[in-house]
Amino acid sequence: MFSKACEYGIRASIFIATKSSEGVRVGIKDVAKEIDSPEPFTAKIMQILTKNGIIHSAKGVGGGFEVSNQALRSVKLIQIVDAIDGDSIYKGCGIGLKECSEVHPCPVHNQFKKIRELLLAMLTTTTLEELALGVNSGDFHLKIFNQNK
């Protein structure tokens, strides 16, 4: 549903938010390792997130990435998705047609419209803070665990 870059961007933002809520900045190597993404690709994603004010980058000794307390409470998932993928996921056609509308619907238009509305509602109401709290409490996980162990 999201591009790989957007998936990594969401995971990176949540990871950085979990660490920021503990007062810890994280470096690019730690972010890349945690989200299982190549470091150069992660760096490009971090540039986008920083440029869009979602995360903050501090240079020098003790530097790294962080999310301010204000951003933790106010940043919604839609901001991350818009910064990386744009708005096509909740505005575009479900099967990728260039022209799809109420007047000229594609075969999945009506069903996909409902899904888009639910997705948009989730993206506009979910904050980094609630996701970080869920990860910190153990309710949510950012990594897939081997179920066979």
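Here is a friendly exchange between a biologist and a modeller about the structure above.

Biologist: Before we start, what kind of model is this, and how are residues numbered?

Modeller: Residues are numbered from 1 along each chain as its sequence is written, and side-chain values use heavy atoms, with hydrogens and water left out. Local features need pLDDT of at least 70, side-chain atom pairs count only at pLDDT 80 or more, and totals for chains, interfaces and linings use all residues, since this is a predicted model.

Biologist: Thanks! Which pattern do the helices and strands follow along the sequence?

Modeller: Helices (H or I, at least four residues) and strands (E, at least two) are DSSP runs, numbered from the N terminus. The chain has eight helices and two strands. Read along the sequence, the pattern is α-α-α-β-β-α-α-α-α-α.

Biologist: What percentage of the residues in the chain is buried?

Modeller: Buried means under 20% relative accessible area, exposed over 50%, and partly exposed in between, with a 1.4 Å probe and protein chains only. The chain has 149 residues, and the buried share of them is 35%.

Biologist: And what share of the contacts with a separation of 6 or more joins residues 24 or more positions apart?

Modeller: A contact here means heavy atoms within 4.5 Å. The C-alpha trace spans about 60 × 40 × 30 Å along its principal axes. Among contacts with a separation of 6 or more, the share from residues 24 or more positions apart is 64%.

Biologist: Let's turn to charges. How many salt bridges are there?

Modeller: Side chains of opposite charge can pair when their charged atoms come close. The rule asks for a side-chain nitrogen of Lys or Arg within 4 Å of a carboxyl oxygen of Asp or Glu. By this rule, the count of salt bridges is six.

Biologist: How far apart are the closest N and O atoms of Glu22 and Lys19?

Modeller: Glu22 is partly exposed at 48% relative accessibility, and Lys19 is also partly exposed, at 27%. The two form a salt bridge, with their closest N and O atoms separated by 3.8 Å.

Biologist: Which residue forms a salt bridge with Asp87?

Modeller: Asp87 is partly exposed, with a relative accessible area of 35%. Its partner counts as exposed at 58% relative accessibility. The closest N and O atoms of the pair are 3.1 Å apart, and the partner is Lys91.

Biologist: How many residues apart in sequence are the parts tied together by Lys113 and Glu102?

Modeller: Lys113, partly exposed at 29% relative accessibility, meets Glu102 in a salt bridge of 3.0 Å, N to O. Lys113 lies in helix α7 (residues 109–125) and Glu102 in the loop between α6 (88–91) and α7, so the parts this pair ties together are separated in sequence by 11 residues.

Biologist: Now the cysteines. Why is Cys106 not bonded to Cys93?

Modeller: A disulfide is a covalent bond between the sulfur atoms of two cysteines. The cut-off is a pair of cysteine sulfur atoms within 2.5 Å, and a search of the whole structure finds zero disulfides. Cys93 is buried at 16% relative accessible area and Cys106 is buried at 7%, but their sulfurs are too far apart for a bond, at 3.7 Å.

Biologist: One last thing: what separates the C-alpha atoms of Ala121 and Tyr90?

Modeller: Ala121 sits in helix α7 and is partly exposed, at 38% relative accessibility. Tyr90 is 31 residues away from Ala121 along the chain, and the separation of their C-alpha atoms is 10.0 Å.
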